[in-house]
Amino acid sequence: MEEELAMLRQLIGQLQELLHNGSPPPPPPSPPSSSSPSFLVLHNPHYQNRWCLPFIEETSSDDCCDIVMAAGKRPGIFKMLETVKKPVKRSRKEKNQGKSCTTGGDDTSGNMDQEIWQEFPRDLFEAVVSRLPIATFFQFRSVCRNWNALIDSDSFSRCCNELPQTIPWFYTITHENVNSGQVYDPSLKKWHHPIIPALPKKSIVLPMASAGGLVCFLDIGHRNFYVSNPLTKSFRELPARSFKVWSRVAVGMTMNGNSTSDGYKVLWVGCEGEYEVYDSLRNVWTKRGTIPSNIKLPVLLNFKSQPVAIHSTLYLMLTDPEGILSYDMVSGKWKQYIIPGPPHLSDHTLAECGGRLMLVGLVTKNAATCVCIWELQKMTLLWKEVDRMPNIWCLEFYGKHIRMNCLGNKGCLILLSLRSRQMNRLITYNAVTREWTKVPGCTVPRGRKRLWIACGTAFHPSPTARA
């Protein structure tokens, strides 16, 4: 208290000296207290400066009156004594103008902002945009031409390819609507209904495989192959094959590198052992041949199970004998693994998670049915159970004849379509977090019926993948 009063006396003395000499006093010393005091502002019409006097709460009213009295001895020197008030509300235009005012008072708000954003590094901009969710990115494409042109940018494509792959989407065909696909986005838990104009309208075209954001389709009537990006409608019809095979075929797809610009390959295998490989860089079918004689023919494949790609190798599920058939797209070598399946197994398919081979199937015993997950052990070449559906969900299947379709050829997420006469369930399983999640029913636009999936493929969505 004594220090504060001494400060006030010193300040009064400076004011009295100012009244006699007519020169502005030096600025008052800062108060020692850590709290933020209020201020009194004295306006002098002869000088442009203001002098702020600390207003201390513990100071008596008499001391404050002394300060005002000293200022009033020379009328005309000080015009007013006021407290600093809260800032007055200003319009948005005034605020924007005030933000860019320089020290000299120049208003260069518009030019300053424009110059800053024009100098924003393009590589940094592309790195930020590449990390946007896919749905958000396609919404932002309508902002300007530069943003819309990012899809065709090689540097932006490299940014996207350097990012770790997200959870896959699922391109599906439903039994009630075989002429158009339905795409499920697990991140938004939403169904999309893309239209690929270049696909034949009156034919049944099924999604058979995927790689690098591209989906490979097969026209089951004319046996023509197509490759397309469902997000951007990038499309390519593959050339005619040398073998005219009208039986059922299994189709797999792999990438040559990290992006579609490095090329991709498509493999089809027939039951009699004939096969071909398509090379996108050369745009021809190559490596035409027949499976080696040491592999039993005809090849009895599980056509409900899609081939699974791990690096450059494709894995196909056999039914007789039970096991796996593999083909290396680089070396062109075939291998066969005899692996007995778990007991009481039905509707089983291969899946992939982080380079590991998984098996998904229905186990039915004593009228109880459950979905189980197995992992292939590399040392013993046996299936080891790693998880199963929660019991409370399995109770819904009790006593019912359940059929299952499984899509799990890409990434850690698996989509299951479980159906019977009384029920229809769509479920996803995350092989990393071991989380089971119910999926909203799939309906076509303007339709109310919940549809069940006939076939499909998982794919990693990519805005820059080119067919």
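In which loop is Pro298 found? Pro298 lies in the loop between strand 14 (284–290) and strand 15 (300–301), where helices (H or I, at least four residues) and strands (E, at least two) are DSSP runs numbered from the N terminus. The model is predicted, so that local features need pLDDT of at least 70 and side-chain atom pairs count only at pLDDT 80 or more, whereas totals for chains, interfaces and linings use all residues. Residues are numbered from 1 along each chain as its sequence is written, and side-chain values use heavy atoms, with hydrogens and water left out.

The chain comprises 9 helices and 28 strands. Of its 467 residues, 45% count as buried, a term that denotes under 20% relative accessible area, with exposed set at over 50% and partly exposed in between (1.4 Å probe, protein chains only). Among the contacts with a separation of 6 or more, 51% come from residues 24 or more positions apart, a contact being heavy atoms within 4.5 Å.

Two cis peptide bonds can be described together with their loops. The bond from Leu297 to Pro298 is cis, with omega near -5°, and a cis bond with omega of about 0° also joins Asp320 and Pro321; Pro321 is found in the loop between strand 17 (313–320) and strand 18 (322–328). Positive phi values in residues other than glycine include that of His344, near 60°, in the loop between strand 19 (334–338) and strand 20 (345–353), and that of Asn366, about 55°, in the loop between strand 21 (356–365) and strand 22 (368–377). His344 is partly exposed because its relative accessible area is 46%, while Asn366, at 67%, counts as exposed.

A search of the whole structure yields 10 aromatic pairs, defined by rings of Phe, Tyr and Trp (its six-membered ring) whose centres lie within 6.5 Å, with planes under 30 degrees apart counted as stacked, over 60 as edge-to-face and the rest as tilted. One of these pairs, Tyr327 and Trp334, is tilted, at 4.6 Å centre to centre and 40° between the planes, and both residues are buried. Ring pairs also link Phe225, Tyr264, Tyr278 and Trp285 into a cluster.

Charged side chains are likewise placed over rings, the criterion being NZ of Lys or CZ of Arg within 6 Å of the ring centre and within 35 degrees of the ring normal. Arg241 lies over the face of Trp268, at 4.8 Å from the ring centre, and the charged end of Lys438 sits over the ring of Trp393, 5.1 Å from its centre.
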